[in-house]
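Visitor: I would like a close look at one part of this protein, with salt bridges as the topic. Please start with the overall picture and then go in slowly.

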Amino acid sequence: MSTLRCYQPLKIVAHDERGLSLMSATLQDAVGKVGDIAYLPDMRRFAFVTNRFVWECAVDRRHGPFARVRAGAHFDDVLSVRQQNLLLDRKAGVVALLAVRFEAGADGGGAIILDFAGGGAIRLEVEAINGAVSDMSDPWPTASRPAHGEEAG
């Protein structure tokens, strides 16, 4: 049972750009290992497990409490996967997810792009937006929150 009073396990399903935007906000600043990312071409599924920052409980954005929770995410109807500036053979390498976005194509298809810190990206060519993210553990405390741009300095 979580000691973080405001926490409620999340499950978000995305079938359109609005749902994908919600997934992106939920996964902003999630960190994980490259070895926890997988493309399963026979299932047409791209999946990963990560430690997401529990933004919804960071009411006091300066002093916390701050927490992370283990979360699993997947996208179905994936036709192909390409990566840029990521060393996928280094399974212990750590990546930080910044955003998930969509570039529309024909007939509801397009590309879902996962943008990572340091300029890395994974591009999923999809028939349609069909994804989900679910919390898989109780949250645990973390000493600090992610900072961006001027906040980091």
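**From the whole fold to the charged pairs**

Guide: Of the 153 residues in the protein, 41% are buried; here buried means under 20% relative accessible area, exposed means over 50%, and partly exposed is in between (1.4 Å probe, protein chains only). Before going on, please keep in mind that this is a predicted model, where local features need pLDDT of at least 70, side-chain atom pairs count only at pLDDT 80 or more, and totals for chains, interfaces and linings use all residues. Residues are numbered from 1 along each chain as its sequence is written, and side-chain values use heavy atoms, with hydrogens and water left out.

Let's begin with the layout. The protein has 1 helix and 11 strands; these are DSSP runs, numbered from the N terminus, with at least four residues for a helix (H or I) and at least two for a strand (E). Read from the N terminus, the order of elements is β-α-β-β-β-β-β-β-β-β-β-β. The protein is as compact as a globular protein of its length, because its radius of gyration is 16 Å, close to the 15 Å that the globule rule gives for 153 residues. That radius is taken over C-alpha atoms, and the rule is 2.2 Å times the number of residues to the power 0.38. The C-alpha trace spans about 45 × 30 × 30 Å along its principal axes.

How does the chain meet itself? Take the contacts (heavy atoms within 4.5 Å) between residues at least 6 apart in sequence: 66% of them join residues at least 24 apart. On the outside, the accessible surface comes to about 8,700 Å², and 51% of that belongs to carbon and sulfur atoms; such areas come from the Shrake-Rupley method with a 1.4 Å probe, and for residues only the protein chains shown count as cover.

Now for your topic. There are 10 salt bridges in the structure, each one a side-chain nitrogen of Lys or Arg within 4 Å of a carboxyl oxygen of Asp or Glu. One of them pairs Glu 127 with Arg 44, at 2.7 Å from N to O. These two come from distant parts of the chain, 83 residues apart: Glu 127 sits in the loop between strand E9 (121-126) and strand E10 (131-135), and Arg 44 in the loop between strand E3 (37-40) and E4. Glu 127 counts as partly exposed because its relative accessible area is 41%. Arg 44, with 28%, is partly exposed as well.

Next, find Arg 123. This residue forms a salt bridge with Glu 103, with the closest N and O atoms 3.0 Å apart. Here too the pair links distant parts of the chain, since Arg 123 is in strand E9 and Glu 103 in strand E7 (residues 94-104), 20 residues apart. Arg 123 has 24% relative accessibility, so it counts as partly exposed, and Glu 103, at 33%, is also partly exposed. Arg 123 has another partner in Glu 125, where the closest N and O atoms are 2.6 Å apart. Glu 125 is partly exposed, with a relative accessible area of 24%. Through salt bridges that share partners, Arg 101, Glu 103, Asp 115, Arg 123 and Glu 125 are joined into one network.

Let's follow that network to Asp 115, which belongs to strand E8 (residues 110-116). The side chains of Asp 115 and Arg 101 are joined by a polar contact of 2.6 Å. A polar contact is a pair of N or O atoms within 3.5 Å; within protein, one must be able to donate a hydrogen and the other to accept it, and residues adjacent in sequence count only if both atoms are side-chain atoms. Leaving aside neighbours within four places in sequence, Asp 115 also touches residues including Ala 96, Leu 98 and Gly 120.

To finish, visit another charged residue, Arg 52, in strand E4 (residues 45-53). Is Arg 52 buried or exposed? Arg 52 counts as buried, because its relative accessibility is 0%. Its side chain makes a polar contact of 2.7 Å with the side chain of Glu 56. Setting aside neighbours within four places in sequence, the contacts of Arg 52 include Tyr 7, Leu 27, Val 69 and Asp 135.
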